[in-house]
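Trainee: Could you go through this one with me? I would like to talk about how the parts fit together.

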Amino acid sequence: MDDTRCATSSVSKGCFVFKPSNKKRKTSLTTADYFNAGLKDVEDGSVRFETSQSLWQEMKLETEQLQEELNKKLFDSLIEFLRKSQSEFQREKNEWSCRTKSSEIPAAALVLGVNVTDHDVTLKSLSEILLASVTPYVASLQSKECPGIKQLLQKLLVQLMGQVADVELDSDEEKQVQVSQRRKRCPMASLCGWYHSITKTNLTRSKKRTSSSFQHLLFPPVVVILKDMECFTPKVLQDFITISSLYSQELPLILLFGIATSPMIIHRMLSHSVSSLLCIELFQSVSCTQHLGTVINKLLLTTQFPFRMSGKVLQVLTNIFLYHDFSVQNFIKGLQFSVVEHFYSQALSVLCCHLSEAKKRLKSLSHNQCENIRQLPSFMSYVDLQDSDSQIKLLTSDSFLKDEAKILLEDLHAYHENYIPVLKCLHEFTCCLPKYPLGKQIRELHCACMEKNVWESEEYMSAFELLRMLAKDELMATLQKCVEILNSSSSKQLSNTLKKLEEFLARFECLEGSVSSEEHLKDGNTSPRKALQKRTNLYHLQKTLLELKESRRSKKLNNFEALRLEVVTFLDSLVRDYLVPPETKTLHEILYFSSASTLRRHLNAAPRTALHMALNNPYCYLKNEVLKSDGGVISNLAPDICIAYRLHLECGRLINLYDWLEAFTTVVTATERTDSDSMASRQVDEVIHARFIRAVSELELLGFIKPTKLKTDHVARLTWGGC
Amino acid sequence: MPFFEYPDYPETHLLELEKMVLCRESQISTLLSVFGEREHFSFPSIFIYGHTATGKTYVIKTLLKIFKLPHVIVNCIECFTSRLLFEGILSQLNSHCSTLEKEFYFREHCDSFNDFVRLYKQVTLDQDLKNQTVYIVVDKAEHLREMDVNLLAGFQRLQELTDCNVTVLFLSEIVWEKFRPSTGSFEPLTLNFPNYNKGELQRILSCDHPPKYSDDFYSSYINILLGVFYIVCRDLKELRHLAALNFPKYCEPVVKGEAKESDTHRLWKNIEPHLKKAMQTVYLREISSLQWERMQQGDKETGQLKGLSAQAHVELPYYSKFLLIAAYLASYNPARTDKRFFLKHHGKIKKTNFLKKHEKTSNHLLGPKPFPLDRLLAILYSIVDRRVAPTANIFSQITSLVTLQLLSLVGHDDQLDGPKYKCTVSLDFIRAVARNVNFDIIKYLYDFL
């Protein structure tokens, strides 16, 4: 019973919040129980769990909405394509051109990019949209379900006709008592018959109620989505297309190919005779980098969500994205992981919520939690800066601490409110500079700002050097954009900045009035240039150029240049005021998740390295003091497999089993040798022999060695590298 | 006076046939003489072959239909298992006479050829087909070879096995020599449908002229069309399709009143470049017929439409690019030369005496060679500037490259021990990828040394 209560209607995987019911849960453990069970600081465990879950729900909703918006354009054009091909199908069959033209199956090639993990979400929402607005008959096929034409058609029929079709194509099963009529026909023919009967009933039904409530077309097309075109066997695909083309007159089939690489694959997979049965149109989805950009913009560069990531964490996530998979889904999963991890590991994360809520919670903090605040490194350094009187108060009085913390929290939230608009403004300025010294994307700039004082970096200097040379129209356009950004932000402190920027804009416009004076100046400029043209000697040319430069440097700035300089200086001051790294802020640990190494360990695991580590240095995992060794030496107390592994590292491609055994015995009996001379008999102890055999077979199971026929009594090594 | 003279068939039917089927007179007369009269036993199996769109299916279909001979047509691609094939034949036979009962289907199981023979006899008895020849047409018969072994031979000897008056017609694009089963074969009567020549194509295509225009006008259009397309395409179906697609463009000057129907030269000048463009795009299915039609109607949006092949660029994650480059190098460089490319102090190795004789031929001519995973990773580590940790992500990237068909797995038996791969991308593709990450791949390729 409990299970059914906890089931959600959502199709996606994830954690869901369930309002605690009045009845006590006795049976299975919930996610919350697991969350609480492993906590180090149990303070406010359930509150933390619930906060994290509701926060994640909000974020997830936001991402889903965002994906919908991003895909809208693609989906709209696809739907239009479907409608058009459908109307083509319904066109008068007697028309001359229709009679002579061979009827092709409409097919849309959807280029979705190499991030295969994201395709599922896109295609799922696509089929939902199609179901809602175009046709009730949508089937999606995956290559791994369709190794042969038989399975493909079976899947198709089951998806379209529901259970009517059954799994009858298997000839050896004798389970049908009620012999369905359709079973005896070829699958495609029965599909066709099904379609006719369905449309017939639809027709009569729509005649009965002539209202336009029926949103689908009279003859809705049958859409078949082939999710991963690349992985289908060409033969299966070709057969499927040929069979469907036989019925193209009766069944309005439309194919959608999901393509990960390039549309060239169509020509590579289908022969001309088959591709000439198709009427292929191309559709391109949004690029994944663009997708990521919007996700970061909407989830991280906003004050909507209290949770924040430190620069390093964001770097880890973007690196995985850019270097490894291009998958936005994985990025979002990483984000979810960081949210959960943050609330799990940071006791004070209970305060990681919206400001008003946080203030309430702050009031009711327990003494232990106050102690936790005092332990925060950022708070400790803050205390150090206070005078001794308040230092004592902060460290002893809980209520005083809470009051102080309230102010600090407010300060932190205000910092974010200012940080984001200013960051966006700075990005507006730097995103169009040549060579992008501060990055092309806003996330790069964001990372740079969070890591250290950005104005101390070399890139920043060179960017500002370039900004001082910006042309007037560019400058004005950027200023205009900045004004818009600041207008939309709610921060109070920035209203002065906004005014200042508007003033700049007004002054630029004033400059336009006084163009004449500038023209005059320009005339002055042209004279040396003319002189320049006259010179032919290289030496002279260089000399005049140098002179020109000198004169320009010493020359008094004209109005525009002075104003430009002013704008740039103002921007610089803005950056210095608002874009300080979050680490300098007190209590930042509450909102910022900064454990990049945990994230990396979980999301970008290195199984080979871990295995090597475990076998080479067992102390690392077993934490047994005896095993602690300083490299090179193999302890005879280590597990047998570790000893065998260490020894095998010293060998070449082929390992002589007997030599290996000898070495193994030597290591294992290293300490015993001194007190007993029985080894002189050179008879290998049976127990050691057995231990060796077990270690070797364990290594074989792990895939480090394999038996070989090249040489007797040898095994081949499958790893490379040695000590 | 009809062309075909067979006293046993009614003359009106013969005349109708002559009108429906063009340029296949000799084949039809052979077939008719083999078929004989309705109740006569005919040759047990007839094998008809010829290229695509040479009228095999069409001729047989119209012939059987016009003379109302009892027949069954099955397509081997559609009936991909022998059971579907058998049951398809039987249910079609069942519904053959009882036209009223269209929704009647064959209800019994038919899994083996033995069952088929038994049930066939029963059905012919039920349907009262004993005293006339039943024709079973097996279209796309080349697929029979991939099905059960006894199928082909069994169908050839169906007359003998069932002891009924039945003739099986095989239609295929492949010659009989490629079929001949090893046991139990019965030599069928083979009949070739040769390709249509230019004149015949012209005659057939001119037949379906649109009602609005005169016969001559359309046939002169067909003449121009064949002039352009005959070199590359003799497929009648495709030509018909192209003719229908491009005809509106041909008529355009006439419709606008700029030219008369007889103004052939002007019309030719108008259509010729257009047809040439069609050959490069719509004929190869680079752009779809619908798009082509929209383009003709002067849709501005589709004006700069790019074909499917134009977008060959594939955006890949950073390490995937390097993995692909490493795979390409491993596939096209001999393993012995790795030292020379990837070790710092390799010394000078002369190309000529360093390599064995067979390695001297260009590796790009020989195609990609398989390489083990270890080699791929070793090359990867040495071409990437920074340190690459062997994380799970790197390994999963190799797998996803395989699913994207940029790499292919060679030999599946040894998955765990040492999988081997081949790189399947072209030189142009890899050069584009390498340029993207500032890697001069030519410098690392042995062929270009």
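Trainee: How many residue pairs are in polar contact between domain 1 of chain B and domain 2 of chain B?

Mentor: The count there is zero residue pairs, taking pairs with both residues at pLDDT 80 or more; a polar contact is a pair of N or O atoms within 3.5 Å, where within protein one must be able to donate a hydrogen and the other to accept it, and residues adjacent in sequence count only if both atoms are side-chain atoms. By class, the side of domain 1 of chain B that touches domain 2 of chain B has three nonpolar, one polar and one charged residues, where Ala, Val, Leu, Ile, Met, Phe, Trp, Tyr, Cys and Pro count as nonpolar, Asp, Glu, Lys and Arg as charged, and the others, Gly among them, as polar. Keep in mind that this is a predicted model, in which local features need pLDDT of at least 70 and side-chain atom pairs count only at pLDDT 80 or more, while totals for chains, interfaces and linings use all residues. Residues are numbered from 1 along each chain as its sequence is written, chains are lettered from A and ligands numbered from 1 in the order in which they are written, and side-chain values use heavy atoms, with hydrogens and water left out.

Trainee: And how many salt bridges cross that interface of domain 1 and domain 2 of chain B?

Mentor: The rule finds zero salt bridges there, a salt bridge being a side-chain nitrogen of Lys or Arg within 4 Å of a carboxyl oxygen of Asp or Glu.

Trainee: What do domain 1 and domain 2 of chain B bury between them, then?

Mentor: They bury about 520 Å², with 64% of it on carbon and sulfur atoms; buried area is the accessible area (1.4 Å probe) that two parts lose on being put together, summed over both. On the side of domain 1 of chain B, 86% of the area buried against domain 2 comes from B:Leu22, B:Cys23 and B:Ala53, more than any other three residues supply.

Trainee: Where are the bounds of the domains in chain B?

Mentor: Domain 1 is 11–192, domain 2 is 198–310 and domain 3 is 318–343 + 363–444, with bounds that come from an automatic or database domain assignment. The centres of domain 1 and domain 2 of chain B, taken over C-alpha atoms, are 38 Å apart.

Trainee: Changing topic, how many residues of chain A are in contact with chain B?

Mentor: 70 residues of chain A are in contact with 71 residues of chain B, contact meaning heavy atoms within 4.5 Å. The two chains bury about 6100 Å² between them, 59% of it on carbon and sulfur atoms.

Trainee: Which side chains form the salt bridge between the chains?

Mentor: The rule finds one salt bridge across that interface, and in it A:Lys235 meets B:Glu146 at 4.0 Å, N to O. The interface of chain A and chain B also has 14 residue pairs in polar contact, both residues at pLDDT 80 or more. Strand E5 (residues 278–284) of chain A gives the most to the side of chain A that touches chain B, with six residues; strands (E, at least two residues) and helices (H or I, at least four) are DSSP runs, numbered from the N terminus.
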